[in-house]
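The exercises below ask the reader to work through a model step by step, with the sequence and coordinates at hand. Each task is followed by a worked solution.

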Amino acid sequence: MYSKGHGGNIYNEAVRYDFSVNTNPLGMPEDVKEKLKENLGNICQVYPEETCYELRKSISLKENISEHQIMCGNGASELIYGLVRAIRPRKALVVVPSFSEYIRALRANDSEIVYYQLAPERDFIVAEDIMSYLTPELDMVFLCNPNNPTGKLIEPDLMLDIITYCRMNRIYVVIDECFMDFVKDYEKHTRKGLIPYNPYVVILNALTKIFAFPGIRIGYAMTSDVDLIHAVNVQLPSWNVSAVAQLAGKEVVHHEDYVEESRKYVFREREYMYEEMKKMGFKVYEPSANFIFFQSDIPLYQELLDRHILIRNCDNFDGIMHGYCRVAIKKHDENEILLKEMKDIIQNDSETLKYPAVIS
């Protein structure tokens, strides 16, 4: 069976701990679970509300933006395809490595793709030279901020330069902020404040990551280009966001205390894991989201899988070399288990490790 190669493929393996999926380690809020249970009988008897009006209204209050500037999808990935089909770019710029669905959507549209290659010697950071890749012939630019799988942020001034150039040349900039909730100073980095003033900015987000329900697909996009919203919506399937998803989305978006508690938990565990993995001798890239990107000279992915632990092997990302992996931040006891198993693997394979481990 064909697989698109994302994380979370626990169905064909005996996996005890899944570190390949980057969702909130605290899980879905308990009161939301109870609300879904209470309403399960009702929502199974009716079609979903086709325009997602109540969900969009709830999101609008969370994001401080008009509900008319929001469109909802079956995850952010559906909206990526919808945006490409609506804009129909002849030529688009994509950063690699990054989320693979941008490239898949563009290839399905037969778009010409320009690749901006991130370099390990520059810590996979989008640098000033990306400006030389921006040309008036472009119709669309995809940027993931913070980037998946590298976890790196684009400097705000550089992001503004990109956006300014694109507006002057009528190029749509799609900024994927699905992991922005896990950024410490996210107010400095999010660009959603530009939406009312720039119709060429589209911000992608999802409730999947911060509210920990990847199986309940809720993504949304925000733009002031209402014609674009209409063009996307008319070619999406009817009832694409289920009644379960709409109810869950309406319930979770106002859980500010839960979000803040989750952020603090992730910050603490992220720093702990980052420091511990550096001690083991891996090349670890400083994280800004709820996952850690690193390079290993031993076959860590397979050896952990043999121990029933799944991490994200990044070999199938476009523009990446062999040996890179990504691990999600989980609960402390789970993180401890992963670190313990990694140390054990390093001790068993120390003769093949490029950088000798220091394990106390």
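**Exercise 1. Place A212 and D110, and compare their backbone with the general expectation.**

Solution. A212 lies in the loop between α7 (208–211) and β8 (219–222), in a model that is predicted. The next step is its backbone: A212 has a positive phi of about 60° although it is not a glycine. Most residues other than glycine have a negative phi. As for burial, A212 has a relative accessibility of 15% and therefore counts as buried, the cut-off being under 20%.

D110 can be treated in the same manner. The residue is found in the loop between α4 and β4 (112–117), and D110, which is not a glycine either, has a positive phi of about 60°. Its relative accessible area is 72%, so D110 is exposed, given that exposed means over 50%.

**Exercise 2. Find the cis peptide bonds that precede P97 and P146, and say where these prolines sit.**

Solution. Begin with the bond from V96 to P97, which is cis, with omega near 0°; P97 belongs to the loop between β3 and α4 (101–108). Then turn to N145 and P146, which are likewise joined by a cis peptide bond with omega of about 0°, and note that P146 is placed in the loop between β5 and α5. Most peptide bonds are trans.

**Exercise 3. Describe the surroundings of N148 and D176, starting from their secondary structure.**

Solution. N148 sits in the loop between β5 (140–144) and α5 (156–168), and because its relative accessibility is 8%, N148 counts as buried. Leaving aside neighbours within four places in sequence, its contacts are P97, S98, F99, F179, F291, F317 and R326. With R326 there is a polar contact of 2.7 Å between the side chains.

D176, by contrast with the loop position of N148, is part of strand β6 (residues 172–176). With a relative accessibility of 5%, D176 too counts as buried. Not counting residues up to four places away in sequence, D176 touches F99, Y102, L143, C144, N145 and L204. The C-alpha atoms of D176 and P146 are 8.0 Å apart, although 30 residues separate the two along the chain. Finally, the side chain of D176 reaches the backbone nitrogen of C178 at 3.0 Å.

**Exercise 4. Which side chains form polar contacts with T190 and with D315?**

Solution. T190 is located in the loop between α6 (186–189) and β7 (201–206), and at 12% relative accessibility T190 counts as buried. Beyond its neighbours within four places in sequence, T190 is in contact with E177 and M180, and the side chain of E177 makes a polar contact of 2.7 Å with that of T190.

D315 lies in the loop between β12 (312–313) and β13 (324–328), and its relative accessible area of 31% makes D315 partly exposed. If residues up to four places away in sequence are not counted, D315 touches I320, M321, H322, G323 and Y324; the side chain of H322 is joined to that of D315 by a polar contact of 2.8 Å. The C-alpha atoms of D315 and C325, ten residues apart along the chain, are separated by 7.9 Å.

**Exercise 5. Characterise the nonpolar cores and the cavities.**

Solution. The largest nonpolar core has 63 residues, and those with the most contacts inside it are I130, L143 and F213. A second, separate core of 30 residues includes F99, I113, Y200 and A221.

For the cavities, the count comes to two of 30 Å³ or more. The largest cavity has a volume of about 70 Å³, and among the residues that line it are V95, L143, C144 and N147; by class, its lining has eight nonpolar, two polar and one charged residues. The second largest cavity, with a volume of about 30 Å³, is lined by V94, V95, V96, S98, F99, S100, I103 and D318. Strand β3 (residues 91–96) supplies the largest share of that lining, three residues, and by class the lining of this second largest cavity has five nonpolar, two polar and one charged residues.

Key:
Residues numbered from 1 in each chain as written. Predicted model: local features only at pLDDT ≥ 70, side-chain atom pairs only at ≥ 80, totals over all residues. Heavy atoms only, no water. Core = buried A, V, L, I, M, F, W, Y, C linked by side-chain atoms within 4.5 Å. Buried < 20%, exposed > 50% of the residue type's maximum accessible area, 1.4 Å probe, protein only. 1 Å grid on protein atoms, 1.4 Å probe; cavity = no way out; pocket = protein on both sides within 12 Å on 5 of 7 lines; lining within 4 Å. Points joined across faces, edges and corners; volume = space filled by probe spheres on them. Nonpolar A, V, L, I, M, F, W, Y, C, P; charged D, E, K, R; others polar. Helix = DSSP H or I, 4+ residues; strand = E, 2+ residues; numbered from the N terminus. Contact = heavy atoms within 4.5 Å. Polar contact = N/O pair within 3.5 Å; in protein donor to acceptor, adjacent residues only side chain to side chain.
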